[in-house]
Amino acid sequence: YEYHGQCDLVMMSDPKFADDLGLDIHIRTNIVRYWSYIKSVGIRIGNDILEIEGTLDEDDAEPHYWINYEYQGDLDDIAGFTVTQELPSVYKRQYKIDLSPKYPDQYILVQLFKEFVRVQFHGGEEVFGNTVGLLGEYSTGKTFARDGSTVMNDFVELGDEWQVIPSEPKLFHEITRPQFPQKCIQPEDPRGERRRRLAESVISIDQAEAACAQLKDPLDIKDCVYDILATQDLDMVGAF
């Protein structure tokens with residue numbers, strides 16, 4: 001989606017997940033010029049909290065995670081759901097939370113590419129059908145406000161609506177600004193600045209499209225092209 005503010009946001013929440021264990025997924029975003037990216041993600045299932053972030057150092061092969069606020073603590077599972085790690089290359093890593101004990105063959109995947117974090121959900125309506133948050137309603141894709149009935153089509157308003165508030169769980173090991181009631185930081189004139197920057201890009205749209213042509217999913221291709229143009233880094237295709 002097109003939200004480019006900087007703050008802690010509710011990506012997904014479902015208090016009834018897995019027979020009332022509950023699920024909360026928060027993301028912490030960071031602004032770079034006129035766009036933002038997911039810097040870290042916090043995942044709560046039951047009484048366990050897993051926080052994961054990437055790294056700017058391409059030579060840093062260390063895993064950067066906190067389990068129940070302990071840096072690089074023992075990470076075999078979260079609330080009984082097995083967690084496995086893979087390191088395809090120095091600057092790529094992924095964490096898979098296997099939901100099979102409750103939802104066979106379903107899982108949550110956190111992928112890291114350098115400092116960028118991506119969260120994917122592999123599961124049907126039985127798993128994620130009751131979730132609320134930035135990702136919207138599972139069955140329709142509609143993006144609702146916190147009241148559950150107001151549809152929000154403006155992405156800036158939607159992001160501000162789902163900023164983490166004090167009554168929600170603390171999923172990150174440290175507090176960074178802004179925190180509610182401070183508003184999310186917005187890039188200056190994001191649409192106008194984005195158009196100007198893209199017009200001045202060293203990497204062209206044709207080059208970005210050629211780099212992303214190897215991907216099969218049309219949505220991945222679209223996201224890949226955008227990410228390459230925004231970061232001016234052809235290697236971003238490796239994030240997909």
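Let's start where helix 5 meets helix 6 in this predicted model. On the helix 5 side, the residues in contact are Ile205, Ala208, Glu209, Ala211 and Cys212. Across from them, helix 6 brings Ile221, Cys224, Val225, Ile228 and Leu229. Sorted by character, the residues of this contact come out as 9 nonpolar, no polar and 1 charged.

How do these two helices sit against each other? Packed helices are described by the angle between their axes and the distance between the axes. Here the axes of helix 5 (residues 205-212) and helix 6 (residues 218-231) come within 9 Å and cross at roughly 135 degrees. An angle from 115 to 145 degrees is neither roughly perpendicular nor roughly antiparallel, so helix 5 counts as oblique to helix 6. The crossing of the pair is right-handed.

Now for the empty spaces. The structure holds 1 cavity of 30 Å³ or more, and about 100 Å³ of space lies in the largest cavity. Its lining is made of 16 residues, with Thr55, Glu62, Val90, Arg93 and Leu112 nearest the centre. Strand 9 (92-98) and strand 10 (107-113) are the elements that give two or more residues to that lining.

There is also the second largest pocket, with a volume of about 220 Å³. It is lined by 15 residues, and Asp8, Val164, Ile165, Lys170 and Gln179 are the closest to its centre.

Here is how the two linings divide by residue type:

| Lining | Nonpolar | Polar | Charged |
|---|---|---|---|
| Largest cavity | 7 residues | 3 residues | 6 residues |
| Second largest pocket | 8 residues | 2 residues | 5 residues |

Finally, a few details of the backbone. Most peptide bonds are trans, and most residues other than glycine have a negative phi. Which form does the peptide bond from Arg177 to Pro178 take, cis or trans? That bond is cis, with omega near 0 degrees. Pro178 is found in the loop between helix 3 (155-161) and helix 4 (190-199). The bond from Phe180 to Pro181 is cis too, with omega near 15 degrees, and Pro181 has its place in the loop between helix 3 and helix 4.

And what about phi of Asp20, positive or negative? Phi is near 75 degrees there, a positive value in a residue other than glycine. You can find Asp20 in helix 1, which covers residues 17-20.

Technical notes: Residues numbered from 1 in each chain as written. Predicted model: local features only at pLDDT ≥ 70, side-chain atom pairs only at ≥ 80, totals over all residues. Heavy atoms only, no water. 1 Å grid on protein atoms, 1.4 Å probe; cavity = no way out; pocket = protein on both sides within 12 Å on 5 of 7 lines; lining within 4 Å. Points joined across faces, edges and corners; volume = space filled by probe spheres on them. Nonpolar A, V, L, I, M, F, W, Y, C, P; charged D, E, K, R; others polar. Axes fitted to C-alpha atoms, helices over the stretch in contact; angles between N-to-C directions. Helix = DSSP H or I, 4+ residues; strand = E, 2+ residues; numbered from the N terminus. Parallel < 35°, antiparallel > 145°, perpendicular 65-115°, else oblique. Left-handed = near helix turned anticlockwise from the far one by under 90°. Contact = heavy atoms within 4.5 Å.
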